[in-house]
Amino acid sequence: MTATADFLHQAKTRGFIHQVTDEAALHARLAQGPLPGYIGFDATADSLHVGSLVQIMLLRLLQRTGNRPVVLMGGGTTKVGDPSFRDEARPLLDDARIEANKAGIRKVFDNFLSFGDGPTDAIMLDNAEWLDRLLYIPFLRDIGRHFSVNRMLTMDSVRLRLDREQNLSFLEFNYMLLQAYDFLELSRRHRVALQMGGSDQWGNIVMGTDLCRRIDGSDAFGITTPLLTTASGAKMGKTAAGAVWLNADRVSPYDYWQFWRNTEDADVGRFLGLFTELPMEEVARLAALRGAEVNDAKKVLATEATALLHGRAAAEAAAETARRTFEEGAAAETLPSHATGLPVGIVEIMVEARLVASKGEARRLIAQGGVRLNDAPVTDAAAQVGPADLRDGAAKLSLGRKRHLLVRAG
């Protein structure tokens, strides 16, 4: 097996594959040499979150096996909105906000991919380059005639909205045409022959492969990844405090480490395969640990996943901070911190530092006994942190046993 063809084998072994179009033909194409493959990311926020990490790791695996990853930013499609599995239309963003979001997202990919001009170097493109210049009537004549409305209405992304009698705008209905057209443009401009995405993108991806074959007769393949939920059925990457963002200014390396450390026991083996680059023999060994030993596997998962995003030094510092905090009870200086004017309400701090999503949630946690200040329970939602609470310049605010914040005067 050639190095490039090993991509499909490794992707299967590590748990990335849900569906493949014409697997035998894709394997044969991979064996011919570096294959450019892409995944699209709409610029709806200034960072991606853990829910996008399967796709990012798949692009990284594509590059590690000698192929070329293509990151397609949806500067154009963000202006339309993907209806896939959404109950309502996404808010439309202006050009300035989209550009700012793209800049923030680029920082994430710089941690995972090597960009350049070589045959296996990653490239980042923006579909606004061709979508913003489309002439609508010629586009409908040249591209739209290849799409059956009957078939489009059977796609889950459309059917589910209609079944719920929720509005689907004509603007959103065009999204799958634009996504398919992206594949055609990438095939023509950069010889891209593979589109990858989540399982909710299967219909759109198949539309793109069909369009490439019908118009240009070009090779076009698709891969989808499984819908990722935790063992308890929760959506991957969601916590009580909101999304687990990948940019350090949104979620600190320490909090990112803690997110992985808190993985459910039943998910450890699966997540080690997807979100680390440990050999699968080691993944199997760690996944087999039971009882208290499973915590060792969780620490490995947390450190390896954090190292990929934030670097080895930051990951090991987070692990050491956790060890000191939980094993020694120390308020380690490397805990995430929040500077603010004192005195200030604890509820306000929790919201400002994004420990919770709302003041109501902060008050509920306090009422449930889940908040401590300098290891003493907080029982009053009106309690404040003042200068007298500082110990060596900081007060330690804790949510549960595993989330901590150093509050400093600022």
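Is lysine 359 buried, partly exposed or exposed, and what is its relative accessibility? Lysine 359 counts as partly exposed, because its relative accessibility is 39%. The legends below return to this residue, and they describe a predicted model throughout.

**View 1. The whole protein, with its 18 helices and 15 strands.** Taken along the principal axes, the C-alpha atoms of the predicted model fill a box of roughly 70 × 45 × 40 Å. The radius of gyration is 23 Å, which agrees with the value near 22 Å that a compact globule of 410 residues would have. Half of the story lies inside, since 50% of the 410 residues count as buried. Among the contacts with a separation of 6 or more, 75% are accounted for by residues 24 or more positions apart. The accessible surface comes to about 18,300 Å², and carbon and sulfur atoms hold 50% of this surface. There are 48 positive and 51 negative side chains, and the centres of these two sets lie 1 Å apart.

**View 2. Glutamate 348 and lysine 359 form a salt bridge.** In this pair, the closest N and O atoms are 3.8 Å apart. Glutamate 348 belongs to helix H17 (residues 346-352) and lysine 359 to helix H18 (residues 359-367), so the salt bridge ties together parts that are eleven residues apart in sequence. Glutamate 348 counts as partly exposed at 30% relative accessibility, and lysine 359 also counts as partly exposed, at 39%. Elsewhere, Arg60, Arg64 and Glu277 are joined into one network by salt bridges that share partners.

**View 3. Arginine 354 has a positive phi in the loop between two helices.** The loop that holds arginine 354 lies between H17 and H18, the helices in which glutamate 348 and lysine 359 are found. Phi of arginine 354 is near 60 degrees, a positive value in a residue other than glycine. With a relative accessibility of 46%, arginine 354 counts as partly exposed.

**View 4. Lysine 298 and aspartate 265 form a salt bridge.** The closest N and O atoms of this pair are 2.5 Å apart. Lysine 298 sits in helix H15, whereas aspartate 265 sits in the loop between helix H12 (253-261) and helix H13 (268-275), so the pair ties together parts that are 33 residues apart in sequence. The two partners fall into separate classes of accessibility: lysine 298 is buried, with a relative accessible area of 8%, whereas aspartate 265 is partly exposed, with a relative accessible area of 47%.

**View 5. Alanine 302 is a buried residue of helix H15.** Helix H15 covers residues 294-310, and alanine 302 has its place there. Why does alanine 302 count as buried? The reason is that its relative accessibility is 0%, and a residue is called buried when its relative accessible area is under 20%. When neighbours within four places in sequence are left aside, alanine 302 is in contact with Trp257, Trp260 and Arg261. The C-alpha atoms of alanine 302 and aspartate 219 are separated by 39 Å, and these two residues are 83 residues apart along the chain.

**View 6. Aspartate 95 and lysine 79 meet in a salt bridge through their side chains.** The distance from N to O in this pair is 3.6 Å. Aspartate 95 lies in helix H4 (residues 95-112) and lysine 79 in the loop between strand S3 (68-73) and H4, so the pair ties together parts that are 16 residues apart in sequence. Aspartate 95 is partly exposed, with a relative accessible area of 49%, and lysine 79 counts as partly exposed at 26% relative accessibility. In the predicted model, the count of salt bridges comes to 21.

**View 7. The peptide bond from leucine 342 to proline 343 is cis.** Omega of this bond is near 0 degrees. Proline 343 is placed in the loop between strand S9 (337-340) and strand S10 (344-345).

**View 8. Aspartate 22 has a positive phi although it is not a glycine.** Its phi is about 50 degrees, and the residue lies in the loop between strand S1 (19-20) and helix H2 (23-30). At 46% relative accessibility, aspartate 22 counts as partly exposed.

Technical notes: Residues numbered from 1 in each chain as written. Predicted model: local features only at pLDDT ≥ 70, side-chain atom pairs only at ≥ 80, totals over all residues. Heavy atoms only, no water. Helix = DSSP H or I, 4+ residues; strand = E, 2+ residues; numbered from the N terminus. Buried < 20%, exposed > 50% of the residue type's maximum accessible area, 1.4 Å probe, protein only. Contact = heavy atoms within 4.5 Å. Salt bridge = Lys/Arg side-chain N within 4 Å of Asp/Glu carboxyl O. Rg over C-alpha atoms; globule rule 2.2 N^0.38 Å. Areas by Shrake-Rupley, 256 points an atom, 1.4 Å probe, with all protein chains shown as cover. Lys, Arg positive; Asp, Glu negative; His and termini not counted. Charge placed at Lys NZ, Arg CZ, Asp CG, Glu CD.
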